[in-house]
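Me: Hello! Could you walk me through this structure and tell me how each label is earned?

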Amino acid sequence: MSIYHHGLVAPLDKNNVDTDQIIPKQFLTSTSRDGFDAALFYDWRYLDNGQPDPAFVLNFPQYQGASVLLTRDNFGCGSSREHAPWALKQYGFNVILAESFADIFFNNCGNNQMLCVALPVATIDALFAVCEANEQVHIEIDLENQLIHSPDFEAIHFDVRPDIKARLLSGLDFIGETEQLNAAIDAYEANLAKERPWQEAWYLA
Ligand SMILES: CC(C)[C@@](O)(CC(=O)O)C(=O)O
């Protein structure tokens, strides 16, 4: 069983969580790709005085260290900011289970080594019920066989886009995948130099 990930589930029982709720606009001024974890769900996580809001689920003691986010429909809607998956990943989430995802957010996650799993609403409802009935729920993701295992429920099969599955199993992003073609690219450029020396001169000018 090729375990892609094993982790604690945190249930965020909300529909239509948009990227501004995931990482509010005032945190987009940084030119770095790091440090967004502290601002994840900022408006929900902190009170006006800057203290953690004990009523927000990610501040519950039993969900500290969670690496799997369970949520509802249309997660990641709104703006296209890649800061949203960066904040989720840096906070510690590697897997998101939801009824559905906004397209741009879904693809941004796939490029940031995060697995988004869309599941039928009945399955999502059942998973929230399991989280309600248990202090903590841990799952294992067998990406190769596309199965979610847990001591608390029967294995769940899930679909995953083949290119995302390959990228997550290989650990490569788009650039890494392209670099695997370096030998072929070098051979093509060498051949180009032979066939069109004038272009080679221009190309290297
Ligand atoms: C460019 C970026 C800051 C953006 O304007 C992009 C977008 O709106 O899709 C955003 O608010 O996330």
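Me: Which residues does UniProt list for "domain: Aconitase A/isopropylmalate dehydratase small subunit swivel"?

Reply: The unreviewed UniProt entry lists residues 6-120. Positions follow the numbering used here, and such annotations may be inferred rather than shown by experiment. Please keep in mind that this is a predicted model: local features need pLDDT of at least 70, side-chain atom pairs count only at pLDDT 80 or more, and totals for chains, interfaces and linings use all residues. Residues are numbered from 1 along each chain as its sequence is written, and side-chain values use heavy atoms, leaving out hydrogens and water.

Me: What makes 4-170 and 172-205 domains?

Reply: Domain bounds come from an automatic or database domain assignment, and that assignment gives domain 1 (4-170) and domain 2 (172-205). Their C-alpha centres lie 39 Å apart.

Me: How do you know which parts are in contact, and how many residues of each domain are involved?

Reply: Contact means heavy atoms within 4.5 Å. By that rule, four residues of domain 1 are in contact with four residues of domain 2.

Me: What is the area buried between domain 1 and domain 2?

Reply: It is about 420 Å², with carbon and sulfur atoms giving 44%. Buried area is the accessible area (1.4 Å probe) that two parts lose on being put together, summed over both. N111, R167 and S170 supply 88% of what domain 1 buries against domain 2, more than any other three residues.

Me: How many salt bridges does the rule find across the interface of domain 1 and domain 2?

Reply: A salt bridge needs a side-chain nitrogen of Lys or Arg within 4 Å of a carboxyl oxygen of Asp or Glu, and the rule finds zero across this interface of domain 1 and domain 2.
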